[in-house]
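This report describes the fold of a single protein chain. The sequence and the coordinates are shown first, and the description follows.

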Amino acid sequence: MRDYPADLEEMIEQIRRLPGVGRRSAERMALAMLKWPADNLRAFGGLIGRLPESLVRCPVCGNLTGDGEECPICSDPGRDRSLICVVEDLAQLYTVEKSGSFRGLYHILGGKLSPLDNRTEADLNLESLTLRIASGGVKELIIALGSDVESRGTSYFLAEKYRGRVEKITVPAQGLPAGASLNYADGATIAAALSHRQMLD
Ligand SMILES: [Zn+2]
């Protein structure tokens, strides 16, 4: 269907790229936004346009930060610096953080290994993780990736790579719903999984 003016059609297609949004929902959202006051629309557009510059990655862990300095988690003196929880992406970091059950630091991989899609070690945010481990003080690496095949492959790869360089390499205990990643587990499930960690051999 191409009954909409070009800009509106383009907007619908952009909204549709978001996870879980189909054509009909995207249309409803775009049409709803057209009802906003012009100033709100301009402000929203400006905000989106600024994002590539206004949100940058923490040079230590890969979390988002507003100023290019260490993120609030890395710079929090109250966090346990001997524990690093490795997650795939920001959504997982926020999920674990919201569960309130983890007081260590994080490392965002930014993806997982996928031989079929040609995603290799070079595509992961590993340089800074290697540096963090080499600089000492990291006792345990908790590899909290999903339970799909690629995540498991990536977990074993990381265990192989860092074995002997930290005291312990663990994974959260079983208890995450089969086939689901941390993104979809609730706070209590995550807290339980993190407090009963298993060695990854
Ligand atoms: Zn950080």
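The text below proceeds from the whole chain to its sheet, and then to one residue.

**Overall description**

The model is predicted. The chain comprises seven helices and seven strands, and from the N terminus on these elements run α-α-α-β-β-β-α-β-α-β-α-β-α-β. The C-alpha trace spans about 60 × 35 × 35 Å along its principal axes. Of the 201 residues, 39% count as buried. Among contacts with a separation of 6 or more, 57% come from residues 24 or more positions apart.

The exposed area of the chain is about 11700 Å², of which carbon and sulfur atoms supply 55%. As to charge, the chain carries 24 positive and 27 negative side chains, and the centres of these two sets lie 3 Å apart.

**The sheet and its helices**

Strands of a sheet pair through backbone hydrogen bonds, in either a parallel or an antiparallel manner. In this chain, five strands form an open sheet in the order E4-E3-E5-E6-E7, with mixed pairing. Strand E4 (104-108) and strand E7 (197-199) are the edge strands, each of them pairing on one side only. From one strand to the next, the twist averages 35°.

Strand E6 (residues 168-172) and E7 run antiparallel and are joined by three bridges. Within this region, threonine 170 stands opposite methionine 199 of E7.

Two helices that pack on the sheet are listed here, each with the angle between its direction and that of E4.

| Helix | Residues | Strands touched | Angle with E4 |
|---|---|---|---|
| H4 | residues 90-99 | E3 (80-87) and E4 | about 165° |
| H5 | residues 127-134 | E3, E4 and E5 (140-143) | about 150° |

Both E3 and E4 are thus touched by helix H4, and helix H5 touches E3 and E4 as well as E5.

**Valine 171**

Is valine 171, a residue of strand E6, buried or exposed? Valine 171 counts as buried because its relative accessibility is 14%, and the cut-off for that class is under 20%.

Which residues does valine 171 touch, when those up to four places away in sequence are not counted? The contacts are Ile143, Arg197, Gln198 and Leu200. Arg197 and Gln198 fall within the range of edge strand E7 (197-199), while Ile143 falls within that of E5 (140-143).

Proline 52 lies 119 residues from valine 171 in sequence, and the C-alpha to C-alpha distance between the two is 33 Å.

Methods
Residues numbered from 1 in each chain as written. Predicted model: local features only at pLDDT ≥ 70, side-chain atom pairs only at ≥ 80, totals over all residues. Heavy atoms only, no water. Helix = DSSP H or I, 4+ residues; strand = E, 2+ residues; numbered from the N terminus. Buried < 20%, exposed > 50% of the residue type's maximum accessible area, 1.4 Å probe, protein only. Contact = heavy atoms within 4.5 Å. Areas by Shrake-Rupley, 256 points an atom, 1.4 Å probe, with all protein chains shown as cover. Lys, Arg positive; Asp, Glu negative; His and termini not counted. Charge placed at Lys NZ, Arg CZ, Asp CG, Glu CD. Pairing = 2+ DSSP bridges. Axes fitted to C-alpha atoms, helices over the stretch in contact; angles between N-to-C directions.
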